Amino acid sequence: MHTQSLKKVVLNKFRLLAALLVSGALIGGVTLVHADQYDNQINSLQQSNSAKQGILNGLANQAATYQAEIDRLQDQINAIQSVLRANQAKQAAVQAQIVADQQKIDQEKKYLGDDIRSMYVGGQLSTIEELATSKNLSDYVDKEEYQTRIQNQLSATIAQVRALEVQLQKQKDQLDILIKTEQRQNDQLADVQWQHQKMLAYTQEQQTAYDNAVKANESKIAELRAEQAAANRQLDGSGYVVTSGSCGGSYPASASGAYGSWGCNFAHTSDDVPGCQYSDSWGMCNRECVSYTAWMVYERYGIDTSGFGNANQWPGSARSVGISTGYTPKVGSVAIYTGGTFGHAMWVVGVSGGQIHVYSYNDNYDGNFYDHWVSASGLTYIYF
């Protein structure tokens, strides 16, 4: 078949494949193809982290709510305990006063007994004996009146003390009831506070668990990226030539496509966020290796590589649509390194013995253009 006719057949196959992908007939909907580090593993880990971070945020809000309620309850407990301490002090003072009054009553009774006994000889004279021993009736009457007056005074004093004692006892009983009520309120608040503290501790345990899970995922993502970057470095035979800040080759400074604006002037942020912030016309993350080779293949051959996937998936994807692959390097072919987690795609611009001169993007996960020589062996070449 004529070369141009073969290209048209292949191009038509690609267009059909792209139409099926867009319509969702093959994969159930429009799906951005993640190049290099954004294969299923990392995307899954990042989505897991995103979900866990959402849970963490909810737990943090819940913990803050519990802590605020604990603080509010503690303020109430402090206020009740302050009043309780004041009432307990009053209770102790009243009880001390009751004891002092009882002692006073007992003392007054003793004084009364002593006074009465002092009016009688030996404290045991009968009324007839007392009358007989008196010098005259007047003396007896005066002595009787004095005794009665003293007794009445003592009785009045005792009655007054008794009334005060009753009043104090009533006050003490009221304080007892108030203190019991306040102690019950304090215990209830302390119980509610303890429940909130338990919930806070449980929430904090959950936060720690989710935080550790997020860190573990981030560590795994870093390991996957480091593994691929180390694998890419093993290819290098002459040292990287990095054209930082420029597009390199014919990769566009800016372009637009089905997935929006993209190009080398757009920030390479896909290492820091789930998915791609900027996707090229083939649904690949911009300024990454397969984005660059997809651009070169389209520019040179007019072939759409949408759906080819990560670099290590390209040989199989190419063969599935009739594009040949092999192990002999050719200028204008795409060299695929299948090592590492995601593989690496390079555009071949020169061949010399066992070395090939390649252009590529994102060799070291920085979104930069690389120009260098690598060993030709161990690579798979796609001949578009």
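1. K215 and D211 sit four residues apart in helix α4, so about one helical turn separates them. Their side chains meet in a salt bridge, with an N to O distance of 3.2 Å. Keep in mind that this is a predicted model. K215 is partly exposed, at a relative accessible area of 48%. D211 also counts as partly exposed, with 29% relative accessibility.

2. How many salt bridges does the structure hold? There are two. Besides the K215 pair, the side chains of R72 and E69 form a salt bridge, 2.4 Å from N to O. R72 and E69 lie in helix α2, which covers residues 40–118. They are three residues apart, so the separation is about one helical turn. R72 is partly exposed, with a relative accessible area of 39%. E69 is partly exposed at 22%. The cut-off matters for E69: buried means under 20% relative accessible area.

3. Helix α4 spans residues 137–235, and N186 has its place there. Is N186 buried or exposed? Its relative accessible area is 13%, so N186 is buried. Neighbours within four places in sequence aside, N186 is in contact with I77, I80 and Q81. Check these three when you look at N186 in the viewer.

4. The structure has one disulfide. It joins C247 to C264, with an S to S distance of 1.7 Å. The torsion about the S-S bond of C247 and C264 is about -45°, so this disulfide is left-handed. The two cysteines are 17 residues apart and link distant parts of the chain. C247 belongs to the loop between β1 (242–243) and β2 (255–257). C264 belongs to the loop between β3 (260–262) and α5. Both C247 and C264 are buried. A further cysteine, C289, is buried too, with a relative accessible area of 0%.

5. Now the nonpolar interior. The largest nonpolar core has 29 residues. Which of them touch the most other members? They are F308, W314, V334, I382 and F384. Four elements each supply at least two residues of this core: α5 (289–301), α6 (314–320), β5 (334–337) and β6 (344–352). Helix α5 gives the most, with eight residues. Another core lies apart from this one. That other core has eleven residues, including Y337, M346, I356 and Y381.

6. W314 deserves its own entry. Leaving out neighbours within four places in sequence, W314 is in contact with M284, V290, T293, A294, T305, F308, G309, V334, I336, I382 and F384. Among these partners, F308, V334, I382 and F384 are also named with W314 as the core members that touch the most others.

7. Last, the whole chain. Its secondary structure comes to six helices and nine strands. The chain has 384 residues, and 41% of them count as buried. Which share of the contacts between residues at least 6 apart in sequence joins residues at least 24 apart? The share is 65%. The accessible surface of the chain comes to about 20,200 Å². Carbon and sulfur atoms account for 52% of that surface.

Definitions and conventions. Residues are numbered from 1 along each chain as its sequence is written. This is a predicted model: local features need pLDDT of at least 70, side-chain atom pairs count only at pLDDT 80 or more; totals for chains, interfaces and linings use all residues. Side-chain values use heavy atoms; hydrogens and water are left out. Buried means under 20% relative accessible area, exposed over 50%, partly exposed in between (1.4 Å probe, protein chains only). Contact means heavy atoms within 4.5 Å. A salt bridge is a side-chain nitrogen of Lys or Arg within 4 Å of a carboxyl oxygen of Asp or Glu. Accessible areas come from the Shrake-Rupley method with a 1.4 Å probe; for residues, only the protein chains shown count as cover. A nonpolar core is a set of buried Ala, Val, Leu, Ile, Met, Phe, Trp, Tyr and Cys residues joined through side-chain atoms within 4.5 Å. A disulfide is a pair of cysteine sulfur atoms within 2.5 Å.
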